[in-house]
Structure formats: C-alpha cells, structure tokens
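Morning, everyone. Please pull the structure up on your screens, and we will walk through it together.

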Amino acid sequence: MTTRPAVPGEPTDTRTSLVDTTTAAVQGFGPINKIHQHLCAFHFYSHDMTRQVEAHHYCAHQNEEMRQCLIYDGPDSEARLIGVEYIISENMFLTLPEEEKQLWHSHEYEVKSGVLFMPGVPGPIQRKDMEKVCKTYGKTIHFWQVDKGDTLPLGIPQLMYAFTRDGQLYDNLLRDVEKRDEVDFDKERDNRAYMSGPVHGIHPMANGRGKGLKTQLRETDSKTIDVVPRVFV
C-alpha cells in the first residue's frame with residue numbers, strides 16, 4: 001500500500017482504549033456486522049477523470065435489489081473511511097426521476113473488464129455475484145480527497161463515477177493492484193466475457209449523460225422555524 005499522510009492529532013490515550021474495549025464488549029454493531037463482502041474497484045471524480053483512486057468497498061445487502069457499502073482507501077486496519085456507495089438493481093434504477101439518474105453510474109464495464117473484484121475470493125465464487133453486479137447501478141460520494149494528500153476530509157462531498165471503457169484507467173494504478181493482490185485482470189476479463197449488463201442496455205442518463213458533473217457549494221437563504229417558548233410547570 002502507498003504510505004498515507006499521517007492524520008493529525010494526539011495518539012490514542014490508554015483511557016480511550018480501555019473505554020473502547022468496554023464498549024466493544026457490551027454494545028451491538030448490527031449495521032457493521034451485516035457487512036458480508038469486500039469489493040475492490042477504482043473511482044474517478046465525476047468532473048475530472050485524471051483524478052483516480054483505489055476504493056475498497058465493504059458491503060451489506062439491504063435486500064436482493066439494494067446493497068450499501070462503506071468505502072475505505074485500503075484493506076488494512078489503518079485505512080481511512082473516504083466515502084459510501086449505494087448499489088441498486090436495474091429495475092430500481094428505472095424508477096428514479098430522470099435528473100437523479102445522471103448521478104448514478106453503470107457497473108457493466110467494471111465487471112466485464114475484471115477490475116471490480118473480491119480480494120482473496122476464488123474466481124468461480126466471485127463470478128456468481130458479479131453476474132448480478134454487472135446489471136446494477138451505483139451512486140458514490142467521497143468525503144475525503146485522499147488523492148490530494150489531505151490529512152483530513154476537507155471540502156464538500158464529491159460525486160464519483162466508475163470507468164466505462166478501455167483506456168480510461170491509469171495502467172500503473174491497475175498493475176500495482178494486480179501485483180499486490182496477485183490477480184490477473186486480463187485473464188478475468190476472458191472469464192467474464194459471457195456476462196451481460198442491464199437488460200435494457202445502459203441508460204443514456206446514467207454516467208452523467210456522458211458529461212462531467214461537479215459538486216459545488218452555493219449560498220442560499222436558510223429556512224427558519226417559528227420558535228415556540230418552552231413552558232415549565
């Protein structure tokens with residue numbers, strides 16, 4: 001893994017560690033415990049394809065048509081939480097308002113090219129799930145711009161997209177992951193050639209309608225409420 005910039009702040013205090021140990025023993029972590037798979041992929045900023053990042057998804061199914069994923073910048077225990085992705089079926093995607101659809105990206109190329117994969121999972125098992133993922137759409141927001149070397153999640157959340165054709169993903173980024181995880185994307189591409197994408201084809205509004213979309217902050221009047229005095233008796 002690439003060496004990360006140190007996150008500012010004092011080292012974790014012994015008292016904090018003791019509290020963490022206690023809470024870990026007595027509290028429930030239902031949403032986290034539901035996570036069942038680790039997907040590795042690559043994202044780019046929706047307004048700038050030159051900014052590309054490795055993204056490790058830790059996902060849980062809400063049901064057969066939706067899963068939600070926490071995204072980290074690596075698979076190790078010190079990885080930083082940098083974003084989230086929601087993955088939905090084609091049928092669910094088609095119910096979205098037209099303007100909403102452009103915020104979602106297709107997964108067909110990611111899957112069929114082999115660059116979306118499950119680290120450490122045998123190919124035949126991966127492909128059973130990838131057959132489903134190939135037909136889905138995802139909506140991804142990153143909060144931490146790690147490609148800039150930021151030591152904290154600075155700036156406003158950014159919309160991210162996935163790659164849709166050959167020649168977009170930087171080759172050195174691809175080969176670094178191949179070497180680290182001992183995978184062969186070209187071989188896996190051949191193994192996944194039989195898979196098919198959305199039944200109705202990739203929707204023309206998906207992937208930003210083929211255009212870049214930039215998340216921006218805009219000043220506006222804040223809605224207020226009538227304050228009702230509290231009465232104590």
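How many helices and strands are there in the protein chain? The chain has 8 helices and 7 strands. Keep in mind that this is a predicted model.

Overall dimensions next. The C-alpha atoms fill a box of roughly 70 × 45 × 35 Å along the principal axes. The chain has 233 residues, and buried residues make up 40% of them. Now the contacts in the chain with a separation of 6 or more. Of these, 67% are between residues 24 or more positions apart.

Let's go to helix α7, residues 171-181. Which of its residues are buried? They are Leu173, Leu174, Val177 and Glu178. These four sit on the same side of α7, because they cover an arc of only 135° around the axis. Now turn to the face away from that buried side. There you find the exposed residues Asn172, Asp176 and Lys179.

What covers the buried residues of α7? The cover includes β1, β2 and α8. On the sequence, β2 is 48-63 and α8 is 185-191.

Now step off the end of the helix. α7 is followed by Glu182, which lies in the loop between α7 and α8. Its phi is near 55°, a positive value in a residue other than glycine. Is Glu182 buried or exposed? Glu182 has a relative accessible area of 75%, so it is exposed.

There is another residue to flag for its backbone. Arg209 has a phi near 60°, again positive and again not a glycine. Arg209 is in the segment after α8. At 42% relative accessibility, Arg209 counts as partly exposed.

Stay in that segment for a moment. Arg218 also lies after α8. With 76% relative accessibility, Arg218 counts as exposed. Compare its position with Leu96. The two are 122 residues apart in sequence, and their C-alpha atoms are 25 Å apart in space.

On to the cores. The largest nonpolar core has 15 residues. Which members touch the most other members? They are Phe42, Val115, Phe163, Leu169, Leu174, Val177 and Phe185. The elements that give two or more residues to this core are β1, β7 (158-161) and α7. Leu174 and Val177 should sound familiar: both are on the list of buried residues in α7.

Take Val177 as a close-up. Leave out residues up to four places away in sequence. Val177 then touches Cys40, Phe42, Glu54, Phe117, Glu182, Val183 and Phe185. Glu182, the residue with the positive phi, is one of those contacts.

There is also a second, separate core, of 12 residues. Among them are Cys69, Ile87, Val111 and Met130.

Met130 takes us to helix α6, residues 123-133. The buried residues of α6 are Gly123, Gln126, Arg127, Asp129, Met130 and Val133. What do they pack against? Their partners are β1, β3 (66-72), α5 (108-113) and α8.

Now the empty space. Rolling a probe the size of a water molecule over the atoms shows where such space is left. How many cavities of 30 Å³ or more does a search of the whole structure find? The search finds 1. About 60 Å³ of space lies in the largest cavity.

Which residues line the largest cavity? The lining is Leu39, Ala41, His43, His57, Glu85, Ile87, His105, His107, Glu110, Leu116 and Val133. By type, that is 5 nonpolar, 4 polar and 2 charged. β1 and β4 (81-88) each supply at least two lining residues. The largest share, 3 residues, comes from β1. Two names link back to what we just saw. Ile87 is in the second core, and Val133 is one of the buried residues of α6.

One last stop. Ser106 is in strand β5, residues 105-106. Is Ser106 buried or exposed? It has 2% relative accessibility, so Ser106 counts as buried. Again, skip residues up to four places away in sequence. The contacts of Ser106 are then Thr136, Tyr137, Ala162, Thr164, Ile202 and Asn207.

That's the tour. Questions, please.

Key. Residues numbered from 1 in each chain as written. Predicted model: local features only at pLDDT ≥ 70, side-chain atom pairs only at ≥ 80, totals over all residues. Heavy atoms only, no water. 1 Å grid on protein atoms, 1.4 Å probe; cavity = no way out; pocket = protein on both sides within 12 Å on 5 of 7 lines; lining within 4 Å. Points joined across faces, edges and corners; volume = space filled by probe spheres on them. Nonpolar A, V, L, I, M, F, W, Y, C, P; charged D, E, K, R; others polar. Buried < 20%, exposed > 50% of the residue type's maximum accessible area, 1.4 Å probe, protein only. Arc of directions from axis to C-beta. Contact = heavy atoms within 4.5 Å. Core = buried A, V, L, I, M, F, W, Y, C linked by side-chain atoms within 4.5 Å.
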